Amino acid sequence: MGTYLAIDLGGGSGRVMAGSIYQGVLTLEEVYRFPNRQVHMGNHVYWDFLFLFEEMKNGLRQAVLKGYSIKSIGIDTWGVDFGLIDKDGNLLGNPVCYRDVRTDGLPEELFDASALSEHYAEAGIQVMAINTLFQLYSMKKSGDVQLKVADRLLFIPDLLSYYLTGVANNEYSIASTSELLNARTCDWNYNLIDKLDLPRHLFGEIVMPGTIRGELKPGIREELGLSEEVDVIAVGSHDTASAIFAVPATDSKHKAFLSSGTWSLLGVEVQQPILSEKARRAGFTNEGGVGGKICFLQNITGLWMLQRLIAQWKERGEETDYEFLVTAAEQTDITSVIDVDDKVFQNPADMENAIATYCCKHGCQIPVSQGEYVRCVLQSLAQRYKRSIEQMNNLLPTPVEQLHIVGGGCRNRLLNRLTSETLGIPVYAGPAEATAIGNILVQALAKGEIKDRSEIKEIIQKE
């Protein structure tokens with residue numbers, strides 16, 4: 001029985017997951033986990049790509065040492081960020097993190113109010129300063145020499161795949177986060193690319209989830225201790241696309257998904273993009289999904305705020321056990337609600353102070369204990385989810401009847417309960433490992449081991 005390896009990279013960590021399928025049962029095991037870090041150097045915030053690539057290989061090596069018979073490998077990561085390579089395949093610099101300030105104010109500079117509707121009608125993506133479009137525009141404005149010598153732009157999963165296989169292409173779901181695709185044609189928006197005066201050759205072939213990108217290079221196989229050829233398959237390379245593909249099938253056609261992690265991605269799967277002015281004003285985005293689907297969703301600040309609070313408390317030597325914090329939050333009665341999407345929470349030096357300052361400014365009760373801070377964040381998220389569902393219902397032919405929460409955030413019982421109470425519809429939690437599961441299922445489809453995701457009747461996760 002062969003094994004599929006899912007390489008899943010998030011903003012804080014990465015892991016290699018092994019999955020095998022037998023008689024409708026998917027067995028899942030974590031093989032290796034490693035940190036992912038943002039590095040402040042000079043005027044920018046970077047991802048340490050060399051470290052990520054080496055740790056990815058260490059994870060693959062561990063899978064070989066464990067004796068897995070590897071059928072294929074799939075890679076998914078966060079969206080928008082990229083690396084540039086020259087004509088010889090050399091990486092021209094570490095990818096810059098989307099939280100870098102180089103794009104501040106650029107959306108307003110590039111698009112006036114009259115141009116936004118026309119742009120959204122083509123791209124279908126929520127205009128956000130973090131998007132690839134504005135990262136490239138900032139490089140163009142500053143005369144960044146990388147753009148002058150670059151041969152190809154590769155998003156993070158594309159880049160990792162390239163250095164495993166030597167084949168350069170762009171997977172559809174990750175490319176759709178760039179704000180540089182035409183939502184209807186699923187191809188590059190060359191009119192926009194030309195307006196930005198960006199070299200067309202940077203933007204290569206777009207491949208769909210389920211496409212075999214290439215085989216591991218002989219040198220990589222030798223490094224890993226592999227004797228047989230192994231395919232690298234394009235999955236839903238944007239982690240959201242993979243996570244949504246793992247949402248369990250139900251009788252209801254009117255279900256919404258919430259991929260809950262550092263970001264909250266709340267939306268529905270649709271057959272065609274929704275490109276109306278009403279959708280734009282409500283902040284919806286049309287991202288590429290698996291099987292030609294469109295993930296019509298809102299990008300909402302998720303557990304990032306709680307993660308930053310926990311990091312601060314850890315630095316101060318305070319309690320950071322997740323169960324302790326959730327229990328403490330359950331025992332408080334603070335009612336303060338904050339706007340989780342406010343820019344002040346994007347990357348403050350002190351998240352605790354940012355929340356307290358916001359509450360003071362808006363006349364809300366200021367949290368004083370860890371439990372109150374956690375409760376404030378979680379009930380604010382629940383209220384934000386309610387607003388998103390209400391806005392979505394105004395754009396869909398039939399209102400949402402149920403919500404499925406997947407990803408690591410589905411383990412937060414208090415957030416699940418507050419969300420259910422606030423929305424007034426059934427809320428289902430799980431699977432927590434949705435991204436890795438979706439990644440593996442696409443590989444299994446590409447290899448012909450399953451015909452449809454509904455063939456998976458049970459998921460067993462090894463400790």
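This briefing covers an annotated domain, a pair of packed helices and one loop residue. The structure is a predicted model. The UniProt annotation "domain: Carbohydrate kinase FGGY N-terminal", from an unreviewed entry, covers residues 4–245. Further along the chain, helix α14 spans residues 351–361 and helix α15 spans residues 370–393.

**Annotated domain**
- Residues 4–245 are 34% helix and 27% strand.
- The C-alpha atoms at the two ends of this span lie 16 Å apart.

**Helices α14 and α15**
- Two packed helices are described by the angle between their axes and the distance between the axes.
- The axes of α14 and α15 come within 12 Å and cross at roughly 70°.
- Angles of 65 to 115 degrees count as roughly perpendicular, so α14 and α15 are roughly perpendicular to each other.
- The crossing in which α14 passes α15 is left-handed.
- On the α14 side, the contact is made by E352, I355 and A356; on the α15 side, by Y373, C376 and V377.
- By class, this contact of α14 with α15 has five nonpolar residues, one charged residue and no polar residues.

**Residue I450**
- I450 sits in the loop between α17 (434–446) and β21 (458–461).
- I450 has a relative accessibility of 4%, and buried means under 20%, so I450 counts as buried.
- Leaving out residues up to four places away in sequence, I450 touches I21, L441, A444, L445, E455 and I456.
- I450 and D239 are 211 residues apart in sequence, and their C-alpha atoms are 21 Å apart in space.

Definitions and conventions: Residues are numbered from 1 along each chain as its sequence is written. This is a predicted model: local features need pLDDT of at least 70, side-chain atom pairs count only at pLDDT 80 or more; totals for chains, interfaces and linings use all residues. Side-chain values use heavy atoms; hydrogens and water are left out. Axes are lines fitted to C-alpha atoms, for helices over the stretch in contact, and angles run from 0 to 180 degrees between N-to-C directions. Helices (H or I, at least four residues) and strands (E, at least two) are DSSP runs, numbered from the N terminus. Angles under 35 degrees count as roughly parallel, over 145 as roughly antiparallel, 65 to 115 as roughly perpendicular and the rest as oblique. A crossing is left-handed if the near helix is turned anticlockwise from the far one by less than a right angle, and right-handed if clockwise. Contact means heavy atoms within 4.5 Å. Ala, Val, Leu, Ile, Met, Phe, Trp, Tyr, Cys and Pro count as nonpolar, Asp, Glu, Lys and Arg as charged, and the others, Gly among them, as polar. UniProt positions are given in the numbering used here, feature names are shortened, and annotations may be inferred rather than shown by experiment. Buried means under 20% relative accessible area, exposed over 50%, partly exposed in between (1.4 Å probe, protein chains only).
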